[in-house]
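Here is a relaxed walk through one structure for someone who has not met it before. Have a look at the picture first, and then we can go through it strand by strand.

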Amino acid sequence: MAPPTRSAVRDALRKHGWIGVVIVVVLVAVSVVVLKLPDTALVDTADRPPPLPASAELPRSVIEYRLTSDSPTATAQISYLGGSLGVSEVQAPLPWSIRLPPSTIAPAGITAEVDADSVTCTILVDGQVRDTRTTTGARAAVSCNVIAT
């Protein structure tokens, strides 16, 4: 196939040259609008709730973790989220429990592996059971989680 002749290119530009002009005009118009945006609001702020005052305190919850087993001599390797303390690890005989001081809304979680055939974990938030699970089997392991307290 032979390349287009100069006259064919000129005819095409005359016929469709307006497309290039339209593209340039649209780009200039968009640039002007974008440059003006910082002075205008794109979101209606009337639907937003008012911000909390700086002195407002977030709700606080008391988290309690409990571990139990059918075996009276069970010992557990325990890892739990301790609020602002991060992850805490402890080895303890069962039954075991800990009550954390009130903290702001956060996830709560506990995992444990026991040297027994069953283990149950329970998470209470402000005295209400939010998650409880039981696992059975040799060297049972269990995990309880609450997304937000």
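Strand β10, residues 141–146, has side chains that alternate between two faces. On one face sit V142, C144 and V146, which are buried, while A141, S143 and N145 point to the other face and are not buried. That fits a general pattern: in a regular strand the side chains alternate between the two faces of the sheet. Keep in mind that this is a predicted model.

Who is the partner of β10? Strand β7, residues 108–114, pairs with β10 in the antiparallel sense, over 6 bridges. To find your place along that pairing, look for T111, which stands opposite S143 in β10.

While you are on β7, stop at I110, which lies in that strand. Is I110 buried or exposed? I110 has a relative accessible area of 1%, so I110 is buried. Leaving aside neighbours within four places in sequence, I110 is in contact with a long list of residues, among them V142, S143 and C144. The list also includes the aromatic residues Y65, Y80 and W96, as well as L67, I78, S79, C121 and I123. For I123, there is a distance to go with the contact: the C-alpha atoms of I110 and I123 are separated by 8.0 Å, and the two residues are 13 residues apart along the chain.

Now for the rings. How many aromatic pairs are there? The count comes to 2 aromatic pairs. In one of them, the rings of Y65 and Y80 have their centres 5.5 Å apart and their planes at 55°, so this pair is tilted. Y65 belongs to strand β2 (residues 63–68) and Y80 to strand β3 (residues 75–81), so the pair ties together parts that are 15 residues apart in sequence. Both Y65 and Y80 are buried.

Y80 also forms an aromatic pair with W96, again tilted, at 5.6 Å centre to centre and with 45° between the planes. Here Y80 in strand β3 meets W96 in strand β5 (residues 96–99), so the pair ties together parts that are 16 residues apart in sequence. W96 is buried, as is Y80. Put the ring pairs together and Y65, Y80 and W96 are linked into a cluster.

Y80 has another contact worth a look. S88, found in strand β4 (residues 87–93), touches I78, S79 and Y80, not counting residues up to four places away in sequence. With a relative accessible area of 19%, S88 is buried, because the cut-off for buried is under 20%.

Next, the sheet. An open sheet of 4 strands runs in the order β5-β2-β8-β9, with antiparallel pairing. Which strands stand at the edges? They are β5 and β9 (128–136), and each has a single partner strand, so one side of each is left without a neighbour in the sheet. On average, neighbouring strands of this sheet are turned by 10° against each other, direction ignored. For β9, the pairing is with strand β8 (residues 118–125), in the antiparallel sense and over 8 bridges. Along that pairing, V119 stands opposite T135 in β9.

Last come the charged pairs. Side chains of opposite charge can pair when their charged atoms come close. In this model the count comes to 4 salt bridges, and the table shows some of them.

| Salt bridge | Closest N and O atoms |
|---|---|
| E64 and R66 | 3.1 Å |
| R99 and E64 | 3.1 Å |
| D131 and R133 | 3.2 Å |

The R99 and E64 pair links distant parts of the chain, with R99 in strand β5 and E64 in strand β2, 35 residues apart. How accessible are these residues? E64 counts as buried at 12% relative accessibility, R66 as partly exposed at 37%, and R99 as exposed at 59%. In the D131 and R133 pair, D131 counts as buried at 10% relative accessibility, whereas R133 is partly exposed with a relative accessible area of 45%. Through shared partners, salt bridges join E64, R66 and R99 into one network.

Technical notes:
Residues are numbered from 1 along each chain as its sequence is written. This is a predicted model: local features need pLDDT of at least 70, side-chain atom pairs count only at pLDDT 80 or more; totals for chains, interfaces and linings use all residues. Side-chain values use heavy atoms; hydrogens and water are left out. Rings of Phe, Tyr and Trp (its six-membered ring) pair if their centres lie within 6.5 Å; planes under 30 degrees apart count as stacked, over 60 as edge-to-face and the rest as tilted. Buried means under 20% relative accessible area, exposed over 50%, partly exposed in between (1.4 Å probe, protein chains only). Two strands pair if DSSP finds at least two bridges between them. Axes are lines fitted to C-alpha atoms, for helices over the stretch in contact, and angles run from 0 to 180 degrees between N-to-C directions. A salt bridge is a side-chain nitrogen of Lys or Arg within 4 Å of a carboxyl oxygen of Asp or Glu. Contact means heavy atoms within 4.5 Å.
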